[in-house]
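Visitor: May I ask for a close look at a single part, namely the interior and what packs around it? Please explain each term as it arises.

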Amino acid sequence: MKILNVNINRTETSYPIFTGEGLRDKVKEFLTDIKKAVLVTNETIFEIYQDKITDFFNNLPVNVEYCIIPDGEEYKNKEILEKILTCAFEQHLERNDMFIAFGGGVVGDITGFAASTYLRGIKFLQIPTTILAQVDSSVGGKVAINTPYGKNLLGSFYHPVGVVSDIKFLQSLPKREILTGLSEVVKYSLIEKNCGLEFTDFAKYLSENNKKLLSLTPENIEFMVENCCRLKASVVNQDEKEKGLRAILNFGHTIGHSIEKCTNYNTFTHGEAVAMGMKGALLISLKLNKIDKNYFDFATGLLNSFGLLNYKIPQNVSIENLLDSLKFDKKVKNGNVRFVLPVGYCEVEIFDDVSKDIIEDVLKELY
């Protein structure tokens, strides 16, 4: 088991991330002073783990109510948020009680947002069960829901009391969920030099161990999860609320979020859309001469080694809709769309002067 502490600069916020196998006792540690909790999960996860979940919590002196929500990004919305809050009201959660997010990124995001608003904020615990959630969304305190105008446009910065990432949960993932998580893993490797830690060439590690990671070899997966969390924690520690540096974590997300929104959040997983977004960002950099063809080939080759270049924007999604959606990206400043673009080996910068013509040309190459 590995332990990483997230310590936010200039605040008292600190919480541990546990990564390893068989971490039931770590979950118990967070519940010692809790009388009641609402555990939020989705239908798919609950069907797989119902017996284990109920057996575990039935043996604890905690009254747990289960709030089961539909599975899918399209359900990260205000209606499901209201359902979660209703569960909390009916359970009469008090300020010393807790929400528990048991699932992937959608479950973690919407549960954290519910926790941040209920009674103006109560504790919540993250138990991520997907690669994407373990390497990214469970860490850093961004919690949100989607709106018809765009992805994650309603949310807050609200940290969990802890993150318990048991990699055994990953063994039940279908191949599509494995790939969607690995998309975020590749993202971290391609921004590593900006994260503020000693450079380890994580991208090279991924390229040399892609088969082991795709087959979920435990020691490789544990290292991968821990390393991604280290990189993200380093960025969050320096810039909790995305005043500057933290925006680099959105590499691939500008175009990716637009694709998700324009396909109603039900065509692509988040990681699939981000993979297209990373390819788009690499194409923009190549056209702007920010990177050379050798690095473009290396980075796209890394994406391809995990099967992440197989996605295309559907023909029924118009360029105009994608361009309009980009205007609602959270990074837009003074009306300009801001892109996180590669500028060298595993290094990125933020640009707000990419011309509409280049953006349109690149989007056409993603069909």
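Guide: Contact here means heavy atoms within 4.5 Å. The model is predicted, so local features need pLDDT of at least 70 and side-chain atom pairs count only at pLDDT 80 or more, while totals for chains, interfaces and linings use all residues. Residues are numbered from 1 along each chain as its sequence is written, and side-chain values use heavy atoms, with hydrogens and water left out.

Let us begin with Ile 131. Beyond its neighbours within four places in sequence, Ile 131 is in contact with Leu 170, Leu 173, Ile 178, Gly 181, Leu 182, Val 185, Leu 216 and Met 224. Ile 131 belongs to the largest nonpolar core, which has 78 residues; such a core is a set of buried Ala, Val, Leu, Ile, Met, Phe, Trp, Tyr and Cys residues joined through side-chain atoms within 4.5 Å, where buried means under 20% relative accessible area (1.4 Å probe, protein chains only). Together with Val 185, Leu 206 and Met 224, Ile 131 touches the most other members. Helix H9 contributes the most to this core, namely 9 residues. Apart from this core lies another, of 24 residues, including Leu 23, Leu 31, Ile 34 and Leu 39.

Helix H9 (residues 218-238; a DSSP run of H or I, at least four residues, whereas strands are E runs of at least two, both numbered from the N terminus) also lies across strands E1 and E2. Its direction makes about 15° with that of E1, on a scale from 0 to 180 degrees between N-to-C directions of axes fitted to C-alpha atoms, for helices over the stretch in contact. E1 runs antiparallel to E2 (residues 14-20), joined by 6 bridges, and Val 6 stands opposite Tyr 15 in E2.

Conventions
Pairing = 2+ DSSP bridges. Buried < 20%, exposed > 50% of the residue type's maximum accessible area, 1.4 Å probe, protein only.
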